[in-house]
Amino acid sequence: MIIIHHLNNSRSQRILWLLEELGVPYEIKKYQRTSEQLAPPELLKVFPLGKSPILTDTGVDGKENITLAESGAIVEYLLKFYSTGKFNSAQSGQEYIDNLYFTHYAEGSIMPVLIQKLIFTLIPQRSPWLVRWLLNGVFGKVSSLLVEPELKKHSDLVESHLSRKTFIAGGSEPTSADFLMIMPAEMLEAINIAGPSTKEYVKRIHDRPAFKVALQKGGEYAFSGF
Ligand SMILES: N[C@@H](CCC(=O)N[C@@H](CS)C(=O)NCC(=O)O)C(=O)O
């Protein structure tokens, strides 16, 4: 049996979406972020980094227990062992290249910059009021000099790609890259730098029945509102 160790308001939501699309049975074990927005210590017992998502499975042959972290790895695992062809269409040519690139780009390149932006915004907001104005100025300056120019390059890249495609690989159904890219696309929209095609892409995915069910099951998720 597949178990998803799901932290509220996290990358784990994309795995619930994939599982709902695949229609395979699974259980959700829920974890609640602490007041510092970190994962609770119980997640450390499941995997040493204590971050979500984590998948545990008795294995496709029912013999072996596996524990797998990293949303990209989990998406690939589920598509390899639990898809009967669905969402695996990008196997050759440019579709394969685009799917390969964006499957890795999501966590390898764009998410780290989006998280930097989030941290630079949150630190001043959560600091004592006496130093808040100072930190706001310092973090705002660093963010505008270092983070925002990078983010602009990313939002342009994503927008340019999506202006030519319905889903990342170019087919009419999502592939692994979409299950990874939905969250960065949502975050670009949340910070108001998503282009029109990126916004349409987010809406296209949010309108899918499986996405809606995944949201209901996952609970609190900051990027569900558009
Ligand atoms: N690259 C990893 C990142 C995992 C990660 O950082 N997860 C966040 C949730 S979005 C987390 O668990 N944060 C809580 C913490 O760091 O304590 C993946 O894609 O799974």
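**From the ligand shell to the nonpolar core**

In this predicted model, the ligand is surrounded by Leu 7, Ser 10, Arg 11, Leu 38, Ala 39, Lys 51, Ser 52, Pro 53, Glu 70, Ser 71 and Glu 107. Sorted by class, this shell consists of four charged, four nonpolar and three polar residues.

A record offers a way to place part of the chain. UniProt, in an unreviewed entry, assigns residues 1–86 to "domain: GST N-terminal". Within the span 1–86, helix accounts for 27% and strand for 23%, and the C-alpha atoms at the two ends are 20 Å apart.

The interior may be considered next. The largest nonpolar core contains 43 residues, and the members that touch the most others are Leu 18, Met 181 and Ala 185. Helix α5, which covers residues 176–190, is the greatest contributor to this core, supplying nine residues. Domain 1 (2–82) and domain 2 (93–208) each provide at least three residues to the core. Ala 185 illustrates such contacts: leaving aside residues up to four places away in sequence, Ala 185 touches Val 158, Ala 194, Thr 198, Tyr 201 and Val 202.

Leu 44 may now be examined. This residue sits in the loop that lies between strands β2 (26–31) and β3 (54–57). Is Leu 44 buried or exposed? Only the count of surrounding atoms is needed to decide: a residue is exposed if 12 or fewer other C-beta atoms lie within 10 Å of its own. Leu 44 has 12 other C-beta atoms within 10 Å and is therefore exposed. Between the C-alpha atoms of Leu 44 and Thr 175, which stand 131 residues apart along the chain, the separation is 30 Å.

Technical notes:
Residues numbered from 1 in each chain as written. Predicted model: local features only at pLDDT ≥ 70, side-chain atom pairs only at ≥ 80, totals over all residues. Core = buried A, V, L, I, M, F, W, Y, C linked by C-beta atoms within 7 Å. Buried ≥ 20, exposed ≤ 12 C-beta atoms within 10 Å, placed from the backbone. Helix = DSSP H or I, 4+ residues; strand = E, 2+ residues; numbered from the N terminus. Domains from an automatic or database assignment. Contact = placed C-beta atoms within 7 Å. Near = placed C-beta within 6 Å. Nonpolar A, V, L, I, M, F, W, Y, C, P; charged D, E, K, R; others polar. UniProt positions renumbered as here; feature names shortened; annotations may be inferred.
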